[in-house]
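Colleague: Please take a close look at one part of this assembly, chain C. What is its fold made of, and which of its elements touch chain A?

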Amino acid sequence: MRRWPMRLEPIANPSFARSITPPVLAIIATVVIASLLAMLAGANPFSVLGLILKGAFGSQFALLETLNRATPLIFTGLAIAVAFRAKFWNIGAEAQLYAGALVTVVLGTGALAWPGLALIPALAMGAVLAGAVVLLVPAILKTRFGVDEVVTTLLFNFIFLLFISMLLEGPLKDPMGMGWPKSARLIPEARLPRIVDGLRLHWGFALSILCALAVWVIQTRSTLGYEMRAVGLNREAAAFAGIPVNTVLVKTALLSGGLAALAGFSEVAGLKGSLTLDLSPGFGYTGIIVAMLALLNPLGVIVSALFVAGIFVGADSMSRAAGVPTYLADMMLATALLLMVLAILLTRFRVVRD
Amino acid sequence: MNGTAEVVLRLDAITKRFGKLVANDAISLSLRRGEVVALLGENGAGKTTLMNILFGGYTADSGSVEVFGKTLPPGNSRAALDAGVGMVHQHFTLADNLTVVENIALGVRSLKSPRLRKSESYIKIKSLSEGFNLKVDPHARVGSLTVGERQRVEILKALYRDVKILILDEPTAVLTPQEADDLFATLRLAISNGLSIIFISHKLHEVMAIADRVAVLRHGKLVAETTTADTDKNALSALMMGTAAKAPDIAVSVPGKTLLSLKNVSTPDVGNVPGLKSVSLDLKAGQIIGLAGVSGNGQAALADVVGGLCMPKAGVLVLGDKVLKHWSARAAVQGGIARIPEDRHKTGTVADFDLTENAILEGYSTAPFSKGGWMSWSKARTFAADIIAKYDVRCPGPDTRIRLLSGGNMQKLILGRVLEADPQIVLANQPVRGLDIGAVNYVHSQLLAARDRGAAVLLISEDLDKIMGLSDVIHVISGGRLSPAFGRGTMTPSRLGIWMAGQGFDAPVAHAS
Amino acid sequence: MEILDILISASFWAAAIRIATPLILATMGELICERAGVLNLGIEGIMVAGAFAGWMAVYSGTGLWVGVAVAMVVGMGFGLLHSVLTVPFGLSQHVVGLGVTLLATSSTYYAYRLALPQVTSPPKIDAFQPYEIPVLSEIPLLGQALFSQTPFTYLAFILVGLTSVMLYRTPLGLAMRAAGESPAAVAAQGLSVTAIRMGAVIVGSGFMAMGGAFLTMSAFDSFFFEMVNGRGWICIALVVFGSWMPGKALLGAVLFAAFDALQIRVQQTGFGADIPYQIFLMAPYILSIAALVLVSRRAQVPAALMVPFNKGER
């Protein structure tokens, strides 16, 4: 049998050019591939790319739309970044998002008749708790029974969505909803106000930025952050040194689940006002792309969420204008994800021909 | 032996560089039919690199390999095998969950052929194993075999392919002295059948016992080539080490009070690896307690118990004068136990952490490194810088990722991490495995210094020479059982070997502690 | 007792085998990948791509078996992508797998929109029809359950047998299992771990795509979005449940499918009508998790699963 004709060799001290070239090439390659795909749809690739950019950032309206779309992605991206940093594979941000949204509508539709200043933090806390609890189950199954969390968190997404569907057709069904599976609307006190009057951007966005900063501080400055990084990089060494690995994993899960749940809270309280089954077009899954493109850096998550949200919003408006299916956006992001993980590897290793 | 027999293997001016390091510097070597050539050298001398080039793991920068007069294509792992060269690696390349037959048959028949023909393989293995006195059950799962049996499987793997040239990399490292003798008998049998052997070792007495010729490597250079008849151990030792290094002198110690004591401790078996069987052991101040034994006989379980990684199933631990109720890695660290782990890459360090982060791996949760849940990175960095200076860790600085350090420097950082707290007890599990001679002596001198200031040092090693050289008392572990303590100088290697093989536990033996 | 009546009816078991078939195919695919040491989380997306590719080929005028082959080739293409990234480059199998699922799913939907821009409901094809195997299909209960299926189902069962024989009786299978247990042992015997693992992922991905194709070409006759609906993830659970053995995994898939068929039928009984239908739909996912909890502690995981192998690096 012939040998595989390549080998990876670590680079001890990568130069600046070495650490910047592969990611740039990955971005260029993604754009080229997207252009080719647009041509397949019979469109002019330059106008398609232009339309995406314009649709995402070209006007105040577009920009606000992008910021609004980025908000839940920052939350889920942070949730994934926190979990993946400890190599806890939470693929269930979708379920945790809905858990947060559920608590928000259960408590925010009249159950708690408090003034906004008290009610909104209470709803947010409730959402965080719910998300944390939802992820606690896979975390305990993993630490107690050795069940792989990838499969359990994935399956939880399906279970939880059915659970929401059941509630929306049962106890939570809005009597005024004309038969649609939809919850009642939040009371006005429960709604997140806009940051600036007249601009369609709510405080959820500010909260997401705040969370990113908080996560960054936790990861770099706190003892827990150190533990989470150690557990992620080498679980065996962490356990040997006396780091309580399982406790750290459970804490990581609680933090991750809570962050993802805030996405649901912010979507319901800031944007939609009620809970429906299409609250999230896969924000939980897209959070994985956001986190990976940010190299799991919490501050990077803000940038990559804006980028990803821009692609989605831009693709929506491009699709209306140029007739290219919006799935182009998903393909671009999946391509960017795969090329980027490869590019990051190539900043640290060189390929040697044998 | 036979200076005129045909040359079966010729390495010609092999040179291999890794960056600035010259791992092999124009090395030429030849092997004749029916001959045993020993390749002698310390760790890092370039032996493994040379054999990797022969087997296509690396491509040489220059030079060539000839087998039976034909030049091997470089970088082709299959070519050496097909030309009739087999190798028994120091770290066995066996799949634990497959059977002996499956491990041996792997890759022999073409992957395109439709049938495995296990029964044919079984018959051939059976006859080889009888012919060369390599006893092993072909249907056994490799994971259930002892280390000695696994090595037999490795040798059978080579013989099954009808190799003409066999390379053995440190084959006795994992054997009792008696098992090593059996191995030599098997090898002599194979030589008489026309096999040629390259025997890689750093143990002089073995080289003198089995080899016809010796090639000595030092720092990537071939420094001498001679017949064993024309040399002796002292001359070889000088050639191998150069003049730089000298083993530390050891003063006699006076044992103090017992710091940690295990009383009738048992742990469960893990798969095929035995747990401890009612082990009692006293670690006394001012002593190095050596634990001899073939790996996989309960050393890991004992290290885990002492190091806080597992609580005994039965029996008690007494630290100072307290009977331990709760025992964990963190409790061990806080109880004053310095733990040098067996595998510094996997368990000792986090490769992608920098030196600072690695230096506080055990102490991170306590002051001064952590207060109220927040880290004090400046204190941690100062601590790392102190270790780097005091323990002579060669590195660009505390912000360097530890994966870029050599094994010796990595071990020095671990030493600093655990010894800076002035521990009462030092658990040193294979502390010098894979280190070059300079680092070995440094580690040993640190262990002796810890002993001399009153610590109890538990030294676990498979290397009998090192155990016998350093220890004030020696215990032998076999099948999870612990021998009585033997004082320094009271045991010969062969008597220890009897205990290592598990004999002696049942016979009444005069205590010698 | 209504449930007992259901359990002894031949139509129930026939449905169970039908529901099991895509799971069996995809589970075999995942099992092959994992036995060689690679976790393939691309399974969900590859099933979607296979479902579309096979159906689209037939809709464009090819024969049914050509459609199956097209699905398989498309799956192998995604397998190639997955294996290049995870094997020689050794990238995270979690991230690459999810990336492949996203890419396969989105490119399928994109292709669907390009191919059928106008339609509101997807067109139907002439799908595989049941073929009653002479004599065997006349056995009571068993005959109707096992031997009155479509040829695609028979193919799935044959592939399980072939996979089993390949894994345990051929040099190639031994090399694959060894690659998942100890890549160093494989390399030491002069074999290429890279080639073996890549081959396993490519072939395994082909099987997954066939599993998807069964949905559009045999179970139904049309392609819908969300039609795979987490089946891929269930197959990953089934591989664990089957302890990485083809026979046990097959059994697991059939048991699982029987449960699924049962919940559909119980929904229609008087007792089931009082329970929200979502509970029944949840049941298979909950069952998968429960099965994992039961077996995970004692499962014999391939020792080198998810461990990349880089030669020259020690």
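Modeller: Helices (H or I, at least four residues) and strands (E, at least two) are DSSP runs, numbered from the N terminus. On that basis chain C holds 13 helices and zero strands, so from the N terminus on its elements run α-α-α-α-α-α-α-α-α-α-α-α-α. The radius of gyration of chain C, taken over C-alpha atoms, is 20 Å, close to the 20 Å of the globule rule (2.2 Å times the number of residues to the power 0.38) for 314 residues, so chain C is as compact as a globular protein of that length. Its C-alpha trace spans about 65 × 50 × 40 Å along the principal axes.

This is a predicted model: local features need pLDDT of at least 70, side-chain atom pairs count only at pLDDT 80 or more, and totals for chains, interfaces and linings use all residues. Residues are numbered from 1 along each chain as its sequence is written, while chains are lettered from A and ligands numbered from 1 in the order in which they are written.

Two residues are in contact if their C-beta atoms, placed from the backbone, lie within 7 Å. Among contacts in chain C between residues at least 6 apart in sequence, 79% join residues at least 24 apart.

Turning to the interface, 42 residues of chain C are in contact with 40 residues of chain A. The elements of chain C that give two or more residues to this side are α5 (93-115), α10 (193-219), α11 (231-241) and α13 (277-295). The largest share, 13 residues, comes from α5(C).
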